[in-house]
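Biologist: I am new to this structure and would be grateful for a close look at a single part of it.

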Amino acid sequence: MIRLIFTATAIITSSSAIYFYICHERLSKRIAHKSHLGTLSTATKPPGIESIPETVFGDEYFTLYDYALKSVPRASLPGDETTDMFFKRLVRRNMRAFSRFPQALVLAMTSKTPEQKQSFKAGYLAALDFEVGDLVCGVYRVVLRKRNRVEFEITMEAVDFVQGRLVISYEESGSLEGEGEVVFCSETVMWKRADEVRKMPLERPVLKWMHETAAWWLLDSGIRCLTDLEG
């Protein structure tokens, strides 16, 4: 019986790994993406991210930067709402979806304060406008909000030597209403002091792979929800 349980567990684990590997590969072809590991200078810093301290762009800090984007024709989005309203819908939907991910469930179980616990609830996330100070899923605090972007500070007590940002944004091209494209973007930046020997979570290959799969899927499926490709 025990051998049967172990065999079944191994099969399920292997099947899950294969499924997520295929998912990662397919998403990598649908999402434009890049990654940087090392130091960042003022010349190579992520464009448009405003809330990163200037001191991070230098030899004193070691940085990981992940970037993913996908563009859609503006005409594929229903025309009865503005693009910034669609963007808010996207962020709300993606944060609700993330709150059900295994890593978010772990964060929820380790939450201590009422504010942290509240920040995982679907009703709370569905009503957010993502104003400065709002907390999302326990570790993401809004530090900058503009019409076309939300910048979250990442704060994790378990790895307090790491600081970071999660940024969700869009850019719109085209001068005529209904024409052009909308480019949706998801960016993650983490940094630590250069002399810190402990690894940041996304320096670990398995965690980075999981992060990529989650970030790409959220971006891809969120946009599909907006364009109603999946109902």
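Modeller: The account below concerns one helix and its C-terminal end. This is a predicted model, in which local features need pLDDT of at least 70 and side-chain atom pairs count only at pLDDT 80 or more, whereas totals for chains, interfaces and linings use all residues. Residues are numbered from 1 along each chain as its sequence is written, and side-chain values use heavy atoms, with hydrogens and water left out.

Helix α6 covers residues 205-227; helices here are DSSP runs of H or I with at least four residues, numbered from the N terminus. The expected span of a helix is 1.5 Å times one less than its number of residues, so the 23 residues of α6 should span 33 Å, and the end C-alpha atoms are indeed 33 Å apart.

Thr227 belongs to this helix. With a relative accessible area of 14%, Thr227 is buried, since buried means under 20%, exposed over 50% and partly exposed in between, for a 1.4 Å probe and protein chains only. The side chain of Thr227 reaches the backbone oxygen of Arg224 at 3.3 Å. Leaving out residues up to four places away in sequence, Thr227 touches Ser76 and Leu77, where contact means heavy atoms within 4.5 Å.

Cys225, by comparison, is partly exposed, at a relative accessible area of 41%. The structure holds 0 disulfides, a disulfide being a pair of cysteine sulfur atoms within 2.5 Å. Just after α6, Asp228 takes a positive phi of about 65°.

Notes:
Helices (H or I, at least four residues) and strands (E, at least two) are DSSP runs, numbered from the N terminus. A polar contact is a pair of N or O atoms within 3.5 Å; within protein, one must be able to donate a hydrogen and the other to accept it, and residues adjacent in sequence count only if both atoms are side-chain atoms.
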